[in-house]
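Trainee: I should be grateful for a close look at one part of this model, namely the pairing of charged side chains.

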Amino acid sequence: MVSKRKPKLAVWKFASCDGCQLSLLDCEDELLSLVGRVEIANFAEASRAVIRGPYDLSLVEGSITTPHDAERIQRVRRDSKRLIVIGACATAGGIQALRNFQDVKEFVSIVYATPDYIATLDKSTPIAAHVPVDFELRGCPVNKKQLLELISALLSGRKPNIPAYSVCVECKQRGTVCVMVARGEPCMGPVTQAGCGALCPSYVRGCYGCFGPMENPNVESLTAEWRHRGVQAPDVVRALRSFNAYAEPFRRESEAHDQ
Amino acid sequence: MKSLVIERTDLEKLFSTLVGRGYRLIGPTLREAAIVYGEIKTVNDLPIGWTDGQAAGQYRLQRRGDAALFGYNLGPHSWKKENLPPSLRLFSAERRDQSFVIIEEPADELPMAFIGARSCELHAISIQDRVLMQGPFVDPTYARRRNQTLVIAVNCGQAGGTCFCVSMKSGPQATQGFDIALTEVLDGHRHYFLTEVGTTRGAEILNDVPHRAARDVEKAAAQRIVDRTAATMGRKLYTGGLKEFLYSAYENPHWDDVAARCLSCANCTMVCPTCFCTTVEDVTDLSGAHAERWQKWDSCFTADFSYIHGGSVRSSTKSRYRQWLTHKLATWMDQFSTPGCVGCGRCITWCPTGIDITQEVVSLRERQPGRKEQSDGEP
Ligand code: SF4
Ligand code: SF4
Ligand code: SF4
């Protein structure tokens, strides 16, 4: 993207909490350099100004949960040269994908006075289930350093340094003592993709799996080890069913433990 | 080698002498439910009266019944993190008009003194030396750190649950690679260190530390401690014909069994004191005016590690574990003339699923097609 014209950046929101977009605003110091390098064409959290497409780079947050959104993501894709999805909602369906394990119609009938007004899909699905995406940035929320690394890499036309290996690699590199081995805490780190800097183990808690499955996750072996260490099946299911519950390796394994 | 004795009460003088000579002391200390290596200042920073219980996939801090300073076995850290840091900026670059300038990294501030290195660790360091500073290509940061660093070794007073240095001929008695070596003796109400000097640098340091010649009974007491450690190893590995065996075990059915348990999490390579693989990452900032090159620990358990044009050579966990074990115990010998394992047991203790290199070798030997029934892997 080395051209005289500043590349146009758009940020789109689907079913989500806005936390990932806020990570971008949270970049504070770097935000000024970013504004210097790109033209912010659509970013509702930051400005009301909207510039028409096509866009050089679209960041998409959130999952697809309504027929309207399923249609809107097609337009976003058509208008975007590069489409990057950010966060657990956009990459795996998010916490709202917990409904994928239940009957949504039943929820709607219980929660809403007039269920007829609610147009919702059966399942919360990631963006890649609807359109081709150019990069998936994981995390709930995404790590702002990784987000800046990704944007910097795209602007300079190089490969982003975003590893797909386990959280354990980061955990050991920062010198944290393993909570699973030294305290017997169940930890999702061995099956979760790095990116957070192994935050939770450094605060003496097992990893929650915010960054979704790592490149070749062996969830079956990890949960067998937890069970061996005394974790009960319902707790295994709970550990696997959080922000990335519907990511295939986590979903499959949680269903195996859910009787 | 002449043996000396330093009384427990005089050990502080060794620490203060080192600090006084400008050394940064790195040694064992309690942190986050384990004994790790970190910056220490005085004898009181040592894990006094603490030890650990270790098994495959398990480590627990425990209280001792005495006030031993070095009465523990190895923790998750190794000296590798000091000699070859997990991430290290190699240089930076700034854009200047149509060109760029390279900004070199400043050299480290103070030289380090390693306090409490064990024999297997000294062997691991010499293995890394061979790879990183004795071949045709020298890692300059590594070489600088190694040449500056002073090493105070400690002979092991007990064997850990996952130790097998005796099998790997790397311990428990330190025989090389130290400036000063200590054996901690707690004998009734006496507490002293039988001391050996390995270098003139070490002898010179001892000039400032009260000591005297060791008596024969003291030497014998220290020797008994090391002998008892050697006799109570937590693990053993039968190494006879191992290299040839592993070269013939490529299709062994047991690799599938390990792969079913292995998480490909890379913990074993991170904690291993001989694993030396690093990768290089180039980063730029948003403005594109500033770039940096970083060196980071890498692992053969990741897909990127064996990525070449078109894909990863080792895409399965099975192929990665097989490569790791075979490298440690076989191909390393052809490459560097020693095994790549010193029997420290860290990969066994710190594997979240307790995969045990010694046990996997036994199973591989047992399950090798065309081999008659064996039970313990020893022919
Ligand atoms: S604490 Fe968790 S992330 Fe860290 S090494 Fe242990 S299992 Fe891996
Ligand atoms: S052997 Fe253990 S520590 Fe090593 S990659 Fe496999 S599961 Fe992780
Ligand atoms: S392979 Fe395991 S036992 Fe051998 S040196 Fe490495 S960590 Fe220690």
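Mentor: A residue is called buried when its relative accessible area is under 20%, exposed when that area is over 50%, and partly exposed in between (1.4 Å probe, protein chains only). The model is predicted, so local features need pLDDT of at least 70 and side-chain atom pairs count only at pLDDT 80 or more, while totals for chains, interfaces and linings use all residues. Residues are numbered from 1 along each chain as its sequence is written, chains are lettered from A and ligands numbered from 1 in the order in which they are written, and side-chain values use heavy atoms, leaving out hydrogens and water.

Side chains of opposite charge can pair when their charged atoms come close. A salt bridge is a side-chain nitrogen of Lys or Arg within 4 Å of a carboxyl oxygen of Asp or Glu; by this rule there are 38 over all chains.

In chain B, Glu7(B) and Arg212(B) form such a bridge, at 3.4 Å from N to O. This pair links distant parts of the chain, 205 residues apart: Glu7(B) lies in strand 1 (residues 3-7) and Arg212(B) in strand 12 (residues 212-213). Strands (E, at least two residues) and helices (H or I, at least four) are DSSP runs, numbered from the N terminus. Glu7(B) is partly exposed at 24%, and Arg212(B) is partly exposed at 28%. Both belong to a network of salt bridges that also links Arg190(B), Arg215(B) and Glu218(B).

Another bridge joins Arg64(B) to Asp66(B), their closest N and O atoms being 2.7 Å apart. Arg64(B) is partly exposed, at 24%, and Asp66(B) is partly exposed, at 29%.
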